[in-house]
Amino acid sequence: MSKQDVKTSSEVDVERSTETVGVAGLGYVGLSVAVAFDRTGWDVVGYDISESTIDRLRNGNPSSNVISERELSDLNIHFTTDPGFVSDTDFVIIAVPTPTDDRETPNLDYVKSAGETIGENLSPGTTVVLESTVFPGATREVLIPALERTSGFTAGEEFDVGYSPERISPGDQNRGIKDVIKVVSGQNREVRERIRRLYSNVIDAGVRTAPSIEVAEMMKVFENVQRDVNIALVNELAVACEHLGLNTDEVLEAAGTKWNFHEYSPGLVGGHCIPVDPAHYAHSTEVAGFTPQIVNTARDMNEFMTKFVTELTIRGLNDCGKVPKESRLLVFGLSYKANVDDVRNTKVNDLISELQRYDISIAGYDPQVDDELLRSKFDIPICEEVSFDGVDGLIFTTGHDEFQSLSLEDAHSKMNEAPLLVDIEDMFDAENAERCGFAYKQL
């Protein structure tokens, strides 16, 4: 794969197509894909097995950060729960979840089910593209057999299959689907080229062709494996600095003066990518007879952080002269990362569970997420508005922009005496927090 393989939409002579793109799975990724193709003039069908999801989208409620209600009303996407849409589409893009089970084994039931449903309605000449993150070999081992089993067709003959992993960064306004280089692959050169041309319609940053489906699959999981390992390293640094009485920020700032130092911040690692993709990586290597020690150790380190933050909080309450079981904490931010409304696999839930072991009273507030959804996901009182009355401590677990304007002086004046501030996201200046009267703790 060379730099010459990367081509932008301006470099490819692609006329507006009259072909139809179907997107199966309308979560954050699938809806983003559907919106991108619709905006470039393609006929788009959005399919999901959830009737509530389809009803919500038909009624103009995206319920996500992908698109506003006004923008959604201007689109021409046909939303449906009828899998028969497949028979009239030229491309079907699959964007379904690929979670792990309790043993950290990848669960590809959604991919298998989507393949079987699409296969039942498949027409000859269709190209199926998987966008979901999967371990190397999964497209050939799971998706293609499912498609062949229910269609009666043979991949590479009556239909074709490719892989192009999603690379969206939720909450990052500067790195939407069109702004990140797209990596595509397929069963052969002809299929790869067809898929490259397809995505060149919507990707401004360029499209790069991987030499095989397996290379593209491994590339995707390794992207987040690398991030997981690097975050684990600075998380370990944070734990070490706490034991040594050092300030992690000061250490990182000093180290960052060297030109080749990589900037990462400590914190809780949640969501449906970084904590999950290492399991796909490890699964594939262990099947091949190799156990990835560094990756597994990094995962353990990042999982440990909820216990570490709990210990930090308990010590902080003790330093304030407070008894944990008589204390009330307000958690700011319940989604898995800043400026997103997604609470799937958020580590904040694990942190709350750890704190509740000490009988601490906990309430939560998140302006990005629907309050009813929060109440269904979290076993704590959810505040519709911020109230500091009777609160002994604040924990900032997610760095939403809305929290930047919070006045620590005002908060302190309304809280119980000697309040605690645990700043996981490094949102506040330590000296200012202490000047306002808080006992300040940070990673």
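**Cut-offs and conclusions in a predicted model**

User: Why is C273 called buried?
Analyst: Its relative accessible area is 17% in this predicted model. Buried means under 20%. So C273, at 17%, counts as buried.

User: What makes C320 buried or exposed?
Analyst: The relative accessible area of C320 is 16%. The limit for buried is under 20%, so C320 is buried.

User: How do you know that C320 is too far from the closest cysteine sulfur for a bond?
Analyst: The closest cysteine sulfur belongs to C436, and the sulfur of C320 is 14 Å from that atom. A disulfide needs a pair of cysteine sulfur atoms within 2.5 Å. Therefore C320 is too far from C436 for a bond.

User: How many disulfides does the rule give?
Analyst: The count is zero.

User: What makes α10 parallel, perpendicular or oblique to α11?
Analyst: Helix α10 (residues 293–319) and helix α11 (residues 347–356) pack at an angle of about 45°, and their axes are 9 Å apart. Angles under 35 degrees count as roughly parallel, and 65 to 115 as roughly perpendicular. About 45° fits neither, so α10 is oblique to α11. The crossing of α10 past α11 is right-handed.

User: Which residues of α10 and α11 meet?
Analyst: From α10 come E303, T306, K307, V309, T310 and T313. From α11 come K347, D350, L351, E354 and L355. Sorted by class, this contact has five charged, three polar and three nonpolar residues.

User: At what angle do α4 and α5 cross, and within what distance do the axes come?
Analyst: The axes of α4 and helix α5 (residues 138–151) cross at roughly 30° and come within 7 Å. α4 passes α5 in a right-handed crossing. V111, K112, G115, E116, I118, G119 and E120 in α4 meet residues of α5 including V142, L143, A146 and L147. The classes in this contact are six nonpolar, four polar and four charged.

User: What makes the phi of E104 worth a comment?
Analyst: Phi of E104 is near 65°, a positive value in a residue other than glycine. Most residues other than glycine have a negative phi. E104 sits in the loop between β4 (91–94) and α4 (109–120).

User: Why does E104 count as partly exposed?
Analyst: Its relative accessibility is 43%. Buried means under 20% and exposed over 50%. E104 lies in between, so partly exposed is the class.

User: Where is A418, and what is its phi?
Analyst: A418 is in the loop between α13 (408–414) and β12 (420–423). Its phi is positive, about 50°, although A418 is not a glycine. The relative accessibility of A418 is 38%, so this residue too is partly exposed.

User: How do you know that F403 is buried?
Analyst: F403 has a relative accessible area of 2%. Buried means under 20%, so F403 qualifies. F403 lies in the loop between β11 (393–396) and α13. Leaving aside neighbours within four places in sequence, F403 contacts F332, G333, Y365, P367, F396, T398, M427 and F428.

User: Why is K414 called partly exposed?
Analyst: K414 has 41% relative accessibility. Exposed would need over 50% and buried under 20%, so K414 is partly exposed. K414 is in helix α13.

User: Which residues does K414 contact beyond four places in sequence?
Analyst: F388, D389 and G390. K414 and D389 are 25 residues apart along the chain, with their C-alpha atoms separated by 5.6 Å.

Technical notes
Residues are numbered from 1 along each chain as its sequence is written. This is a predicted model: local features need pLDDT of at least 70, side-chain atom pairs count only at pLDDT 80 or more; totals for chains, interfaces and linings use all residues. Side-chain values use heavy atoms; hydrogens and water are left out. Axes are lines fitted to C-alpha atoms, for helices over the stretch in contact, and angles run from 0 to 180 degrees between N-to-C directions. Helices (H or I, at least four residues) and strands (E, at least two) are DSSP runs, numbered from the N terminus. Angles under 35 degrees count as roughly parallel, over 145 as roughly antiparallel, 65 to 115 as roughly perpendicular and the rest as oblique. A crossing is left-handed if the near helix is turned anticlockwise from the far one by less than a right angle, and right-handed if clockwise. Contact means heavy atoms within 4.5 Å. Ala, Val, Leu, Ile, Met, Phe, Trp, Tyr, Cys and Pro count as nonpolar, Asp, Glu, Lys and Arg as charged, and the others, Gly among them, as polar. Buried means under 20% relative accessible area, exposed over 50%, partly exposed in between (1.4 Å probe, protein chains only).
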